[in-house]
Structures are given as structure tokens and as C-alpha cells.
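Student: I have a new structure open and would like to read it step by step. Can we go through it together?
Tutor: Gladly. Ask away.

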Amino acid sequence: MADGSFHNFPFTAVAGQESLKLALILTAIHPRIGGVLISGPRGSAKSTLARGLAGVMPLMEGNETAFVTLPLGATEDRLLGSLDIDSVLNEKQVKFQPGLLAQADQGVLYVDEVNLLADSLVDVLLDVSASGVNRVERDGVSHVHDARFVLVGTMNPEEGELRPQLKDRFGLMVALSNQYTLEERVQIVRLRDEFDQDPKGFCEAFKYKQRNLRQSISQAKARLHSIKCADALRMDIASRCQDASVDGVRADIVWVRAAMAHAAWRAADTVSIEDVQAVEEFVLAHRRQQASSSQHTPPSSPPPSSRRLPDSYNEPAQEGRTPGKSSPSPQNEPQSEGETSTGELGQMAPQRQQASVPLRLMFTQTRELRTATSSRLLVGKQRGVSQGGAHLGNRQNGGIDIAQTLRKSVGVWPPQQLLRRKAHTGKAVLHCILLDTSGSTLAEQTFAKAKGVILDIAERAYLQREQISILGFGGEQVDWLLPQVRAPQNIRVQLDELGAGGGTPIHQALEDAERYLQQALRQQSQLELYSYILTDGRVTGAFATKVWPGQLTVVDTELAPVKRGRAQELASALKADYISLSQLLA
């Protein structure tokens with residue numbers, strides 16, 4: 001059911017956050033912009049403004065604009081629509097029961113914590129948002145209906161990034177801060193207190209502001225079809241997109257539409273450079289691939305890490321998560337031997353070593369990495385069914401099996417039992433690799449051989465259509481060298497680009513990786529985790545005993561004749577399997 005604005009905090013009563021208000025208004029003026037992604041910490045009015053948008057959108061045929069919330073735990077049937085069971089049982093007719101997509105048509109579809117949305121629902125949103133049409137072919141139902149809505153999603157970046165395909169579907173993005181002045185904080189608390197004490201009276205007090213804003217949006221919407229954008233400005237937009245190294249041309253299309261909406265909002269007849277600049281950061285915030293030296297890139301954008309993989313593999317996570325760059329190790333962390341005052345290893349520039357041939361990891365029988373002929377590949381095939389809207393009936397999600405139900409109920413009505421299809425729900429698999437990139441790993445070509453181990457893991461993960469992420473720790477930094485993505489077909493070239501040097505901040509790496517994996521499990525409780533720590537263990541300080549999420553293997557890359565055994569101590573502390581690189585080489 002759509003939420004009425006009467007029960008929501010009025011859009012015009014929200015203090016501050018003018019950039020988000022503008023982005024939402026522009027999307028209401030020109031829905032083909034594609035919606036708004038709102039990123040920000042807790043307490044930054046993300047949800048309040050998103051819910052308030054429906055209250056100021058132009059009314060459709062005299063009715064309130066639909067505001068539909070997509071819960072994180074919703075099923076595909078709830079989102080797409082399904083067979084009307086009551087109609088089958090009572091009227092002996094097959095009818096379509098509309099889902100959330102049908103309810104949101106011409107309105108707002110809101111997803112709180114969209115970065116935590118299940119992959120199956122993300123796939124559905126990708127299909128429908130691209131076409132504006134929902135096609136349902138399942139359970140004996142064949143139905144097509146329009147599903148054109150403003151998609152508004154909110155997310156807290158601390159809980160993980162958004163799957164890149166869905167992120168790109170959002171036309172605009174606004175990154176919020178919850179830092180307010182003292183005056184703003186007082187005003188926010190006062191307004192909220194007044195609303196909580198008398199919601200009806202509070203909304204009534206803002207009734208005219210709400211109505212005036214709705215009329216202004218309606219007038220801008222009517223003016224939109226006459227707005228012109230000169231070719232010179234289109235060329236300027238294309239140049240800015242090229243400078244930002246965006247993928248494809250969706251940014252160009254969205255930018256032109258947003259600029260036209262901004263021109264209509266200020267009651268102009270043509271798009272000006274002011275309109276282009278006003279929406280620039282909205283369009284590029286989630287599409288910019290790298291920091292640019294041009295004037296179009298905000299100076300606050302951090303430069304890309306020199307220790308990250310090339311841009312072609314530095315894309316956000318495909319499954320809704322992108323690990324962020326970690327902060328340097330705190331000063332009170334135990335220092336590695338490479339970080340002593342002598343600075344011989346700590347001061348050296350990173351050195352590269354080309355990856356060796358793939359080195360097959362040999363696990364214990366219970367921990368064997370599955371091969372392409374194992375059941376994991378079969379699960380991968382089940383997960384790889386067609387994603388097209390017309391083929392969603394191929395998803396085996398345990399829905400009602402109409403044919404079997406009617407076959408078992410010949411001569412008996414209504415059926416005594418509803419039979420369901422067997423559900424095929426292959427689990428997602430993530431291989432998380434922690435790679436020691438300190439200077440000590442350069443001896444005996446150890447770094448090259450560690451890359452060979454990664455090659456083996458990545459190649460088998462690729463065949464099984466599983467995900468992989470690589471966290472590097474060396475020198476003063478802990479960096480996500482490869483974000484969580486479907487394992488690429490060939491990463492040898494990318495691994496060869498990685499350098500090693502400096503000390504070993506392994507304690508910080510362990511904390512960051514554990515925190516990231518716990519977040520991954522909160523997002524996807526059925527996720528299978530396989531972690532690998534490749535290190536020579538040349539670090540001082542005791543390892544904290546902890547229970548590692550999923551299954552963990554420590555690969556000891558120390559090849560010295562007399563080993564210090566620190567990697568084996570790490571495996572013992574983490575209750576992990578222990579494998580020596582010298583064993584693999586033998």
C-alpha cells in the first residue's frame with residue numbers, strides 16, 4: 001500500500017540538505033532521469049526526504065502519488081506479482097495478483113539500505129528499470145504491465161557499496177554529511193519534536209508550502225517539453241564525462257535530462273552552462289572512475305592509490321559490495337621488522353615481480369577447493385539463468401506448481417493441497433585473499449610465487465562463476481587491490497602490476513578483512529566464505545585469537561632455510577588450515 005504524505009514528515013519542513021532536495025525535485029520534474037541514490041551516514045535525513053518526495057510530486061488523475069517501500073526481505077513474487085491464489089481456489093480462474101512494481105507505477109519506489117538488497121531483487125530492478133515494463137511468465141500467469149517509477153534508494157556507505165549495475169541505473173547520486181551547525185541542530189530537533197507531539201497539526205501547518213512546491217514542480221514538468229539544449233552544451237557535457245572516464249554514455253544522457261529539468265525548474269526556455277554545472281556532481285558522483293586534473297573534478301576527490309589494480313578491474317562490487325580503502329595502521333600497532341628505525345625495507349620503493357605459474361593449493365579432504373567438475377559448477381549454472389524480464393518464469397523459486405496441483409486434484413475442488421516447485425537456490429561464494437605486499441616477500445621471488453597461488457584460486461573461481469576480492473597489506477597501507485567482483489577470466493597482467501615494499505601491517509589487515517566479511521554475511525546470510533592469508537609472517541606482536549568468518553587457510557610464504565614460524569602461529573590463533581609454500585613448490 002502506498003504511504004500517504006499525511007503520515008510522513010513534510011518535505012518542506014526538513015532543515016538543510018538543499019542538494020538532496022534539489023536532486024529529488026529534478027527527478028520529480030523529469031522521471032526519466034532515473035531516480036536518486038542517497039548515500040550518507042545515519043541521521044542525515046536520507047529516509048525522511050525520500051519518504052517526503054511523494055507528498056510534493058504532481059498528483060496523478062487527482063490521486064495521491066504512490067509511495068511504495070521495497071523491504072529488504074521481500075520475495076520475487078511480492079515484487080513482480082504472482083498468481084492470485086484466492087481466484088484459483090474460489091473462482092477456478094487464473095488471475096494476476098499485482099506486486100510492488102505495479103503499485104509503484106507512476107509513483108516512487110523506495111528502497112532503504114539498497115546496498116543490502118538481495119541479488120535476486122537487484123536483478124529484477126535492473127530488468128524493469130531499463131524497460132519500464134514488467135513481464136511475468138510464471139505459475140500459469142502471463143501478464144505485462146507498465147512499471148515506470150522514480151527509484152529512490154538510500155544507503156550507508158559504511159555497510160558496503162552498491163552493485164555497480166544497479167548503481168548506474170540511478171540517474172543521480174547525492175552524498176550527504178551529518179555535520180550540522182549548532183543552529184541547524186537546534187532547528188532540526190525543534191521541528192522533529194513538534195511533529196512527534198502533533199503530526200496532524202504539524203503537517204497542516206506546512207500544507208501551503210507543500211502545495212506551492214507541488215504546483216511549482218507541476219509547472220516545471222509542463223514546461224519541460226519546450227526546453228532546448230544547444231549542441232555546444234551537449235559537447236561540453238560529453239567532454240566532462242570523458243574527463244571523468246565514465247563508462248558508456250548513460251551519464252551523458254542523464255546529464256542532459258537533468259540540465260533540462262534544472263532549466264525548467266528555474267523557468268528558463270533553454271539550458272545554460274549554469275544548469276550544466278548545477279547537476280554535474282549529481283551525475284558524476286557515482287560514475288567517476290578516477291580523479292581528474294581538470295577543473296570539472298572537485299578538489300576533494302582523493303587520488304587513486306598507486307597500489308590498486310588498473311582501472312579496468314577497479315570497478316565497484318558486482319554483488320552489491322565494494323570494499324573501501326583502509327586507513328593506515330595506528331601508531332600503537334605492533335611494528336613489523338620491516339618498519340624498524342633502520343628503515344632498510346621500510347624506505348624502499350615498491351618492486352614488481354611477475355606472477356609465477358599457477359600453484360595448486362592442496363587442502364585437507366574437508367577443505368578441498370572445489371574443481372570445475374564439482375557440484376559448485378552445477379550451482380553456478382542454476383544461478384546463471386536468464387535475467388530478462390520475459391524469462392523470469394525460469395527462476396526456480398519454489399512458487400506454486402499449477403500443473404502438478406491440478407493433476408493431483410482431478411475431481412476434487414478446491415484442491416486439498418497446493419504443491420510447490422522445488423526451489424533451487426545456489427549459494428553465492430566469495431574467495432577473499434589477504435596478500436602480504438611487504439618488502440620481505442621480495443626475497444627468493446616469494447612475491448611472484450604468492451601471485452601464482454592467487455592465479456590458481458582465481459582461475460578455479462572463474463570456472464565456477466564465483467566472486468573474488470584481494471586485500472593487500474604492505475608499507476604504511478592496507479588497500480583493497482581488487483574489490484569484490486565475479487572472478488575475472490585472466491588477472492595475470494593485473495597481478496604483475498602489483499608491487500611490494502615496506503613493512504607488514506598485518507594486524508590492521510586482519511581487522512579490516514574480518515569487519516568486511518562480517519558485513520558481507522549480514523548482507524547475504526547464505527554466502528559461503530573462503531579466505532586465504534598469504535604471508536611470511538615477519539611481524540612482531542602476538543596474534544589475537546579469534547573465530548574467523550567462514551573457512552580460512554594461511555599460506556606460509558616464508559622460504560628461508562630456518563623458519564621463524566610466525567605464519568604457523570597466525571594459523572593457530574585463527575584456527576585456520578596451514579599450508580607452506582615450500583610444500584606447494586615441492
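Student: In which hand does α11 pass α12 in their crossing?
Tutor: Keep in mind that this is a predicted model. The contact is made by Arg 234, Ile 237, Ala 238, Arg 240 and Cys 241 of α11, and by Ala 251, Asp 252, Trp 255 and Val 256 of α12. The crossing of α11 past α12 is right-handed.

Student: Are α11 and α12 parallel or oblique to each other?
Tutor: Two packed helices are described by the angle between their axes and the distance between the axes. Here the axes of α11 (residues 231-243) and α12 come within 10 Å and cross at roughly 135 degrees. Angles over 145 count as roughly antiparallel, and 65 to 115 as roughly perpendicular, with the rest beyond 35 degrees as oblique. The two helices are therefore oblique.

Student: Which helix gives the largest share of the largest nonpolar core?
Tutor: That core has 62 residues. Leu 53, Val 152, Leu 172 and Val 271 have the most contacts inside it. Its largest share is ten residues, and they come from helix α12 (residues 250-265).

Student: Which residues of α12 does Leu 172 touch?
Tutor: Set aside residues up to four places away in sequence. Leu 172 then touches, among others, Ala 23, Ile 33, Leu 37, Phe 282 and His 286. Helix α12 covers residues 250-265. From that range, the contacts of Leu 172 include Val 254 and Ala 258.

Student: Which strands stand at the edges of the five-stranded open sheet?
Tutor: The order is β2-β5-β8-β1-β9, and the pairing is parallel. An edge strand here has a single partner strand, so one side of it is left without a neighbour in the sheet. The edges are β2 (67-69) and β9 (172-175).

Student: How many bridges join β5 and β8?
Tutor: Tyr 110 stands opposite Val 152 in β8. Asp 112 has Thr 154 as its bridge partner in β8. Strands β5 (residues 108-112) and β8 (residues 150-155) pair in the parallel sense, and the number of bridges is five.

Student: Which residue of β8 is the bridge partner of Ser 39?
Tutor: Strand β1 (residues 36-39) also pairs with β8 in the parallel sense, over four bridges. Ser 39 has its bridge partner in β8, and that partner is Met 155.

Student: How many residues of β8 are buried?
Tutor: Val 150, Val 152 and Thr 154 point one way. Leu 151, Gly 153 and Met 155 point the other way. Both sets are buried. The count for β8 is six of six.

Student: Is Ala 220 buried or exposed?
Tutor: Ala 220 lies in helix α10 (residues 207-223). Leaving aside neighbours within four places in sequence, Ala 220 is in contact with Ile 29, Ala 264 and Trp 265. Buried means under 20% relative accessible area. At 1% relative accessibility, Ala 220 therefore counts as buried.

Student: Which are the edge strands of the six-stranded open sheet?
Tutor: The order is β13-β12-β11-β15-β16-β17, with mixed pairing. Each edge strand pairs on one side only. They are β13 (477-486) and β17 (577-580).

Student: What angle does the direction of α17 make with that of β11?
Tutor: Helix α17 (residues 446-463) packs on the six-stranded sheet. There α17 touches β11 (429-436), β12 (467-474) and β15 (528-535). The angle between α17 and β11 is about 175 degrees.

Terms used. Residues are numbered from 1 along each chain as its sequence is written. This is a predicted model: local features need pLDDT of at least 70, side-chain atom pairs count only at pLDDT 80 or more; totals for chains, interfaces and linings use all residues. Side-chain values use heavy atoms; hydrogens and water are left out. A nonpolar core is a set of buried Ala, Val, Leu, Ile, Met, Phe, Trp, Tyr and Cys residues joined through side-chain atoms within 4.5 Å. Buried means under 20% relative accessible area, exposed over 50%, partly exposed in between (1.4 Å probe, protein chains only). Contact means heavy atoms within 4.5 Å. Two strands pair if DSSP finds at least two bridges between them. Axes are lines fitted to C-alpha atoms, for helices over the stretch in contact, and angles run from 0 to 180 degrees between N-to-C directions. A crossing is left-handed if the near helix is turned anticlockwise from the far one by less than a right angle, and right-handed if clockwise.
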